[in-house]
Amino acid sequence: NKLIRDSTILTNTYCEFLVITKRDFQYISENFDSKRAQTIKFITDFIPDLESIGTYEQMDRIIHTLQERTFERGSLITTEGEYGNQFFILCEGSCEIIKNVKIDETSTGKDSLSILKKMVRVGHTHADQISICKLQKGVYLGEEVLYSKSHCYNFSIRVDSATAKVFAISRDNFTIRYPPTTQWEVQKLFQVKRDKYITLLKDRI
């Protein structure tokens, strides 16, 4: 059905316009709204305390902090020891978490495991890598850069599915735009996860 316009627009200067048909506009609008709804469901499922955000504009500010990125099998999302200014949330696919260790068979095997630095075990000294565990949807990756003075990644995260999709969030965006309760809960989750990784790493050395 053809609709009659209720106004006339006159230009005062030379203008160029991008013309979008009604059908195309509806398609873009429907797909945008659908993706936005999926994104909101994901972040409210996996980022603590976002349910309290009450307005469209506030939620949009959170959504705009998310950078969607896709990695192929074997790619490194984070590399141990490298400086980082963003962390990630795994949306699709799976990854493994890897720690570089220093194996020294001349040690007693009683060296402390202080904050995930050099791991030592008993023989001749050589470097090795240990796969600690698999990571699935909703897990945070590399959030240690939020809390360490060096802002370096403690682990390498490698994609072991065909592809993996993540949301990247910069450190500045997280500290400025996210509610304080969210920041506090994410830090608590990180501390629990860090202790778990130390225990798993002990078991594999």
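## Cavity lining, central sheet and selected residues of the predicted model

Strand β7 (140-141) and helix α4 (180-204) each supply at least two residues of the lining of the largest cavity. The model is a predicted one, and within it this cavity holds about 60 Å³ of space. The residues that line the largest cavity are T78, I97, L135, Y140, L141, G142, E143, E144, F155, I157, K193 and Y197. When these lining residues are sorted by class, seven are nonpolar, two are polar and three are charged.

The confidence of the prediction bears on how the remaining features are to be read. The protein chain has an average pLDDT of 85, and 83% of its residues reach a score of at least 70. Over residues 109-113, however, the pLDDT falls below 50, and this stretch has five contacts in the model beyond its near neighbours in sequence. Where pLDDT is low, the predicted coordinates should not be read in detail.

The protein chain comprises four helices and nine strands, which follow one another along the sequence in the pattern α-α-β-β-β-β-β-β-β-β-β-α-α. Of the 205 residues of the protein chain, 38% count as buried.

Four of the strands form an open sheet with antiparallel pairing, in the order β1-β9-β3-β7. Strands β1 and β7 stand at the edges of this sheet, each with a single partner strand, so that one side of each is left without a neighbour in the sheet. Strand β9 (residues 163-170) is largely enclosed by the rest of the structure, because six of its eight residues are buried. On one hand, β9 pairs with strand β1 (residues 67-72) in the antiparallel sense over six bridges; in this pairing, R69 has V166 of β9 as its bridge partner, and T70 stands opposite K165 of β9. On the other, β9 pairs with strand β3 (residues 86-92), again in the antiparallel sense and over six bridges. Here the bridge partner of I89 in β9 is F167, while Q86 stands opposite S170 of β9.

Strand β3 is itself mostly covered, with six of its seven residues buried. Its pairing with β7 is antiparallel and rests on two bridges. I89, which has F167 as its bridge partner in β9, has Y140 as its bridge partner in β7. Y140 is also listed among the residues that line the largest cavity, as is L141, and β7 spans residues 140-141.

Helix α1 (22-46) contributes two buried residues whose surroundings were examined, T39 and I43. T39, which lies in helix α1, is buried, with a relative accessible area of 11%. Leaving aside neighbours within four places in sequence, T39 is in contact with I63, L66 and F167; of these, F167 is the bridge partner of I89 in β9, and the contact therefore links a residue of α1 with one of the strand that is largely enclosed by the rest of the structure. I43 likewise lies in helix α1 and is buried, with a relative accessible area of 0%. Beyond its neighbours within four places in sequence, I43 is in contact with L50, M59, I62, I63 and L66. I43 and L66 are 23 residues apart along the chain, and their C-alpha atoms are separated by 9.8 Å. Contacts with I63 and L66 are thus found for T39 and for I43.

Two residues were noted for their backbone geometry. Most residues other than glycine have a negative phi, and most peptide bonds are trans. D49, although not a glycine, has a positive phi of about 65°; D49 is placed in the loop between α1 (22-46) and α2 (56-63) and is partly exposed, with a relative accessible area of 30%. H151, also a residue other than glycine, has a positive phi near 55°. H151 lies in the loop between β7 and β8 (156-159) and counts as partly exposed, at 22% relative accessibility.

Conventions. Residues are numbered from 1 along each chain as its sequence is written. This is a predicted model: local features need pLDDT of at least 70, side-chain atom pairs count only at pLDDT 80 or more; totals for chains, interfaces and linings use all residues. Side-chain values use heavy atoms; hydrogens and water are left out. pLDDT is the predictor's confidence in each residue, from 0 to 100. Contact means heavy atoms within 4.5 Å. On a 1 Å grid over the protein atoms alone, a cavity is a set of points where a 1.4 Å probe fits but cannot get out, and a pocket is an open set with protein on both sides within 12 Å along at least five of seven lines; lining residues have an atom within 4 Å of a point. Grid points are joined across faces, edges and corners, and a volume is the space filled by probe spheres set on the points. Ala, Val, Leu, Ile, Met, Phe, Trp, Tyr, Cys and Pro count as nonpolar, Asp, Glu, Lys and Arg as charged, and the others, Gly among them, as polar. Buried means under 20% relative accessible area, exposed over 50%, partly exposed in between (1.4 Å probe, protein chains only). Two strands pair if DSSP finds at least two bridges between them.
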